[in-house]
Structures are given as C-alpha cells and as structure tokens.
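Here are some short exercises to work through with the model open beside you. Try each task before reading its solution.

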Amino acid sequence: MPVSTWTPVGRWTGTVTHDGEVDDYTVTFAPDGSLSVTTKKSTGTGTWSVTGEAELEFSLRENFNVDVAQISPNGHRAAYIQIDFTARPDGDTLTGEGRAVVHGPDDSVIYGTDATTEVRRLP
C-alpha cells in the first residue's frame, strides 16, 4: 500500500453536528500528532494520526469553560466530552463522523451521541 503524503497540519474551522444542533469550532493539528480545539464554550486537546491513504483519526477531550453551565440532553451537568472521529480529506475540506461521550464532573458517563463534522483549512 502506498504511504500517504497528505497531512492535516495547520488550522481548520468548521462545524460539528449532533442531536439536531450545529456547533462551530476551530482545530489546530500540530506536526507532532497533537491537536487543540476551541469553541465558544469549551477548549480541548488530543491526538491525530493519518491511518490510510485518505483517512484521518483524531481523539480529544473537550472541557467546558468554567463559566458555562452545560446541561446534557438527559438533564445532567456536563464537565467534558470525549470525542473520537474518523475523517476523510477532499482538497481543503475534511468530513467525518464519530462518537461524543459526555462526562459529568465526577467522570461518570452521562450521555453518548453520534456526530458528524466538516471543517475547512484556513490559509
């Protein structure tokens, strides 16, 4: 199998769709395989890797800002989300799908949902 030369390194901005909601975010993929994410109500860090000729996997923990009282769809206070995505590049766009698992302040799992994402590389 040929080795991919594609890399997501750089800044991207786009949306994640889950539970009928659409949230904006910005993600920066660093050359060392780490990533950072920023939204209006959270920040997160994680890792990424190219897993095929045209596939990217990334995983991150997104912590809600302390001034945000985030309540999950089942009525529990949320502290952070563990997110795992598989995405495919198409030019300067990444589209993908994955799973988001919401955790409470005591680390308990309070909710899980499927999600899709689409981001565009920033110049």
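**Exercise 1.** In what order do the elements of the protein chain run from the N terminus on?

*Solution.* Start at the N terminus of this predicted model and read along: the elements run β-β-β-β-β-β-β-β. Counting them gives eight strands and zero helices. Next, turn to the overall dimensions: the radius of gyration of the protein chain is 15 Å, close to the 14 Å that the globule rule gives for 123 residues, so the chain is as compact as a globular protein of that length. Along its principal axes, the C-alpha trace spans about 45 × 30 × 25 Å.

**Exercise 2.** Find where aspartate 19 lies, and decide whether it is buried, partly exposed or exposed.

*Solution.* First locate the residue: aspartate 19 sits in the loop between β1 (10-18) and β2 (21-29). Then check its backbone: phi is positive, about 50°, although aspartate 19 is not a glycine. For comparison, most residues other than glycine have a negative phi. Finally, buried means under 20% relative accessible area and exposed over 50%; aspartate 19 has 36%, so it counts as partly exposed.

**Exercise 3.** Do the same for aspartate 107: which loop holds it, and what is its phi?

*Solution.* Aspartate 107 is in the loop between β7 (93-103) and β8 (109-121). Its phi is positive, about 75°, although aspartate 107 is not a glycine. With a relative accessible area of 47%, aspartate 107 is partly exposed.

**Exercise 4.** How many positive and negative side chains does the protein chain have?

*Solution.* Count each set: there are 9 positive and 18 negative side chains. Then locate the centres of the two sets, which lie 5 Å apart.

Technical notes
Residues numbered from 1 in each chain as written. Predicted model: local features only at pLDDT ≥ 70, side-chain atom pairs only at ≥ 80, totals over all residues. Heavy atoms only, no water. Helix = DSSP H or I, 4+ residues; strand = E, 2+ residues; numbered from the N terminus. Buried < 20%, exposed > 50% of the residue type's maximum accessible area, 1.4 Å probe, protein only. Rg over C-alpha atoms; globule rule 2.2 N^0.38 Å. Lys, Arg positive; Asp, Glu negative; His and termini not counted. Charge placed at Lys NZ, Arg CZ, Asp CG, Glu CD.
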